[in-house]
Structures are given as structure tokens and as C-alpha cells.
Amino acid sequence: MEISDVRKVASLARLALTEEELLTYGRQLTGILDYVRLLDEVDTQNTEPMPHAIALQNVFRDDQRTNSLDVADALSNAPRTDGQYFLVPQILEERSGGK
Amino acid sequence: MSSLSYTVIIGLEVHTQLRTRSKLFCGCSTDFRPDAPNSQTCPVCLGLPGALPVMNRKAFELSVRTALALNCRIAEFTKWDRKQYYYPDLPKAYQISQYDLPFSSGGWLEIAADDPGEPVRRIRITRAHLEEDAGKNIHDETGRGGDSMVDLNRTGTPLLEIVSEPDLRSAAEARRYLEEMRTLLLFIGVSDCNMQEGSLRCDANVNLHIHHADGSKTATPIVELKNMNSFRNVELAIEYEVKRQASQWQKTGQKIGDVPKQTRGWDAERGVTFAQREKEESSDYRYFPDPDLVPVVLTVQQIEDARKQLPETPAVRRDRFQNQLGLTAYDAAVIIDQGPEMTQYFEHTAQLCGDGKTAANWVTQDILRDLNAAGTPVSEFPVTAEILGTLLNWIREGRLTTKSARDVYSVLKEQAASGQSIAVGDIEVIVRERKLETVRDTGALQAAIAAAIAAKPEAAADVKSGKHAAAGPLIGMIMKQVAGADPKAVRELLLKTLADS
Ligand SMILES: [Zn+2]
């Protein structure tokens, strides 16, 4: 695995790695990829692509409300709150929509 | 600067919150509660470790209903994927969305053309997919670098994303598409489409095709416009952006592909779009199938059953109002564009009255005027469809003139305004008290006409000699004598009597 790929993956995961750590994780990730690559030896010519590992489909729940957490419980794991909101460092831009 | 010839190219992404009681993957309430932040969350929508999402059946059904109403193909196999990015309103650091196998694709929505004389425009829908909403970030407005606050009540609310092809050609067309989309969503009952509360949102992709003298065209870079929270703002933002891109082209000559796709926000106060800070790697979402959820498989039969249960769309209803009830295209549109409640009011009125045109005249004129003046929704209007329909039926049966019916309507409104409750039975009471019923007893009318002719012989002679304007005072006299007489009938009978004399 190229060191530039490791750097990109780390940055996408918001991990600040030293040059030494990049090399260490690069070696480990390469090992994992090589191991998974063994699957390439399997003949999948006549196998339908699977989007899911278990043969289960159409699992639904009814549109019923259940109790939510108390606000204090909901906020209890947050590093900082004002008792009502999660507090985070200032955000400079706003996104809209679902992305 | 030489004048520039170009075509405007617009595609819209509409996000609409589906009308479910609970969230997409958990049982938390979907109510809009900005006054009680973080009171509607649980381990699933907070993204706590070990929590498992389970799909809300109603949300999926409403999604399929919408896609069918948009003439989309429904996939027999669909799945959900994780779209990964970091943002404070997204506690799991991924959004459950649909990537390569959305549940629907390839539909269309028809809208009126800019020129009403032109045929309707069919705007193609690329796809509609079901995803979860994010929470809400509230920014420090003081500019002193304070904290941002995060409310996760909205996190996990079912959201339908409807993506159009870049088929829209003007800001006005984009607005009409959105308005038609909203009307459709309201009529099929899938969303309340409240733009203030964020249950209908819109992003626009806008660019220009510049026309050159030799007939060739150049596409300018695509800009994604965000933060437009009203129909008017969508139209204004696109209008501004079109002008900005035209002048940008003349300054820089940048083509599509020369610069990365830009995201711009709309500043409604200043009336301008502004560049938003690009996030690094923002487009690297690394989608993969969500292992916590299982696919949904539909049979052709299930899809056809859903199609059969589809409520009447606004487009079909507009046609029906014209073909079956005899309304003009204009009146049908005016009524339906008011939404399902007004349309229901009209249909009930028309049914009781027995005459669609009369009902449409009253609803589009008197009722709409009074509703606008009072600022109340039709559901709170004291003159119910039952009362109005009955009143109009009296006109149709010849028991009241249109003028007398207006008097009854005014009295009913006055009574309601003074705090009395009004009902259908009040029509009869008012008509009786004020002697408004049309006199069909021609004997009484004949006597009154004879009396009037005797009292004003000169006027009668004038009318007989052809000066029909002289009939006014005579008719006035007769009407005073026989309250509730139809002035038109009185006039006819008077002229006939004089002609025969
Ligand atoms: Zn929840």
C-alpha cells in the first residue's frame, strides 16, 4: 500500500499520524489487504453479486413511538454540553439537505 | 461587453421529510421540537455503539407511493449504504442513504411552461431514494467565536431525496417545479412540506450553455446552490446565479471541468450567492452497504398493488375538474394549488350544489378573498362546504337569486363573526326573515307590474317605444313590492307585458 494512500485514509478518519506511524500502519494494512486478496483465487464466474452476508430481507418495524432518552442521559457522554445542547467548536459553514 | 446568448441549465435536489410518527430506524418521535433540544433521541439515532437500526415500514411505503406518483420505476431489490463524512450533526459519522441501488429511478413530473400557451413541460426525475436526516447545528451569531450547539432531535428522521435531471430552463421554471412537487406531496399525503420547519428543502445545480456564433456551445462550471428556504428564495438565488455565471464567463472563460464543482450559499438579506468553504476530500464518501440493515425485496404484484392504492395526483384531479365538472383550466389550477383542504372544500361544495362552475366561481372569488382577508385556513372558516354547497343549491333550484345568496352569505359571515355558531339550517331562517326567496308566484308579480305601469305611465310608454333604460325605475318599484323577485325575471316579464299591451 502506497504511503500516500495511508495518509489519505488517515486524514479521512481524522487521525493525525506521525511519519513512523504511517509506515507501521501501512505495513499492517498491506498485510490485511494481501490476506483478503486470497479470495481472488475463488472462482466467482457463476456467482450472483451479494450485497449482504446474511440471507435475510424485508425486516421492518411498525411506525410506533417508543420512549426516548432523558436529555441528561442523551448528553451524558458528550465532552461538553450546556445541559440542553451538545457543544462543539464553532462551525463556519452550514450544509443543507441530507448530505 | 457584447451581449451573450446562453441556455440556463438547472437540476433540483428536493429533500422532503416523510410524515411518519417515529423516525426511520428507531421509535423516537419525529415532531418538530426546537424548544426541547435533544429530547427525542435514543442509542440508535445517537449512534451509540451496539445499537441496531430497524426500518420503519410506513416510511418505506410512503417512499414507494411518492416514487409511483412521480412515474418512477420501482426496484424489485433495494439496499441501504453508509455515506461517510464527519460533521457535528451526524453522530455516527455516516449517513444511512442509498447509493447504487435506490428503490426508484427514471420518473417525471409535468409542470406548466413559462408561456401558458405552450404545452406542459415534462421534467425527468433521475431517482428518488430514502435516507435519514441529520441533526441541526446552531451557530454562534455574535461572531466572537463561541461554540456551535447541536440538537439531534431531527437525526434519523425519514428523508426522501428526489433528484431531477438538468431539464429546467429558468428560475421561474425551477420554482414551478418545486411548487408542483409540494402540491403533489401534499395531495398524496406523504409530507407536510413545511418549508419553515425544514420538511421541504431544495438544492439547485446551475450552469449555463454559452452559444457561440458558429453554433457550438460551451458549458460553464456547475454550481450547487444551498440554503434556499422558500420558493421565492429559490427563484431569486437562481436568477442571481445565472447573471453571476454569465459575467464570470465573460471575465474568465472558465469551462466545466476547469474548476471543481463549487457550493454556494444564498444570502437572502443581501440578495447574493456566496462561495462556501470547500471541505477537503468532501466527495470521498466511501459508500458501502450497511451491514446493520437488510435489503428490501418487492414482488411485481406488491408494486402493482401499491400503484392501485395511489391517491389521485393533482395533475389527474385538474383534468377531472375540467372534464367532469366543467371548470376552466385556470379555475381548476387555482383551487388545486391551494392544497388538499381547499380542494376538498370545493369538491364537497360542488357536490352539494350540483354545479361545478358555480361552486368554482364562489370558491375562487368570495371564499378565497375572505380567507385571505381573515388569514385563516379553510378548516377554520365558519361557512363550511356543507353550508355553502346548500346555499348554492338554492340558487341552482331557482329559490334564490345570486344577489340574494350573496346577502345570505354576508349575514352568515356576520353571525359567525359575532360569535354565533352557524349551520345549514340558518340559510332558511335568514331567507325567511329577510323575505329573500325568489317569488315564483307570477300572479303577485303580474299585479305588481300592473301597479307600477299605472303609477308611472310615461316611463311605461318610453319602455314600450324602445327606451329600455327607462325600465329601471319601474323594476325598482316592482322589486320593492315583491321582495325576493329575480330582477332578470322581473325585467323580462315587464318588457313582455308592455310589448303585449
Ligand atoms: Zn432514536
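## A loop residue to start with

Two residues are in contact here if their C-beta atoms, placed from the backbone, lie within 7 Å. With that in hand, let us visit Ala113(B) in this predicted model. Leaving aside residues up to four places away in sequence, Ala113(B) touches Glu118(B), Pro119(B), Val120(B) and Arg121(B). You will find Ala113(B) in the loop that runs between strand S7 (104-111) and strand S8 (121-132) of chain B.

How buried or exposed is Ala113(B)? Within 10 Å there are 15 other C-beta atoms, so Ala113(B) is partly exposed; a buried residue would need 20 or more, and an exposed one would have 12 or fewer. For a sense of distance across the chain, Ala113(B) and Leu498(B) are 55 Å apart in space, C-alpha to C-alpha, and 385 residues apart in sequence.

## How far to trust the model

The predictor gives the complex an ipTM of 0.88 and a pTM of 0.86. Chain B has a mean pLDDT of 92, with 96% of its residues at 70 or more. Chain A averages a pLDDT of 89, and 92% of its residues score at least 70.

Within chain A, the element with the lowest mean pLDDT is H1(A), at 91, while S1(A) has the highest, at 98. One stretch asks for some care: over residues 94-99 of chain A, pLDDT stays under 50. The model has 22 contacts beyond four places in sequence for residues 94-99 of chain A. Where pLDDT is low, the predicted coordinates should not be read in detail.

## Domains of chain B

The domain assignment divides chain B into domain 1 (12-196 + 272-300), domain 2 (314-433) and domain 3 (442-500). Taken over C-alpha atoms, the centres of domain 1 of chain B and domain 3 of chain B are separated by 69 Å.

## Where the chains meet

How many residues does each chain bring to the contact? Chain A gives 38 residues and chain B gives 56 residues. On the side of chain A that touches chain B, helix H1 (3-12), strand S1 (60-61), helix H3 (71-75) and strand S2 (86-88) of chain A each supply at least two residues. By residue class, that side of chain A divides into 17 nonpolar, 12 polar and 9 charged.

## Helix H11 of chain B

Helix H11 of chain B covers residues 402-417. Its 16 residues reach 22 Å from the first C-alpha to the last, close to the 22 Å expected at 1.5 Å a residue. Why do the buried residues of H11(B) line one face of the helix? Seen down the axis of H11(B), they fall within an arc of 145°, so one face is lined by them. The buried residues in question are Ser404(B), Ala405(B), Val408(B), Tyr409(B) and Leu412(B).

The buried residues of H11(B) pack against three helices of chain B, namely H9 (356-374), H10 (385-396) and H12 (425-433). On the other side of H11(B), Lys403(B), Ser410(B), Glu414(B) and Ala417(B) are exposed. Just after the helix, Gly419(B) takes a positive phi of about 100°.

Helix H9 of chain B is also home to Leu368(B). With 16 C-beta neighbours inside 10 Å, Leu368(B) counts as partly exposed. C-alpha to C-alpha, Leu368(B) and Val334(B) are 9.8 Å apart, with their positions 34 residues apart in sequence.

## Helix H3 of chain B

Helix H3 of chain B spans residues 171-187. From its first C-alpha to its last, this helix of 17 residues reaches 24 Å, close to the 24 Å expected at 1.5 Å a residue. H3(B) is mostly covered, as 12 of its 17 residues are buried. Among them are Leu178(B), Met181(B), Leu185(B) and Phe187(B), along with the charged residues Glu173(B), Arg175(B), Arg176(B) and Arg182(B). Just after H3(B), Gly189(B) takes a positive phi of about 70°.

## Positive phi outside glycine

Two loop residues of chain B deserve a friendly look at their backbone angles. Ala93(B) has a phi near 65°, a positive value in a residue other than glycine. Ala93(B) lies in the loop between strand S5 (81-84) and strand S6 (94-97) of chain B, and its 13 C-beta neighbours inside 10 Å make it partly exposed.

Arg286(B) has a phi near 45°, again positive in a residue other than glycine. Its place is the loop between strand S16 (272-275) and strand S17 (288-289) of chain B. Arg286(B) is partly exposed, with 13 other C-beta atoms within 10 Å.

Notes:
Residues are numbered from 1 along each chain as its sequence is written. Chains are lettered from A and ligands numbered from 1 in the order in which they are written. This is a predicted model: local features need pLDDT of at least 70, side-chain atom pairs count only at pLDDT 80 or more; totals for chains, interfaces and linings use all residues. Domain bounds come from an automatic or database domain assignment. Helices (H or I, at least four residues) and strands (E, at least two) are DSSP runs, numbered from the N terminus. The expected span of a helix is 1.5 Å times one less than its number of residues. The arc is that of the directions from the helix axis to the C-beta atoms. pLDDT is the predictor's confidence in each residue, from 0 to 100.
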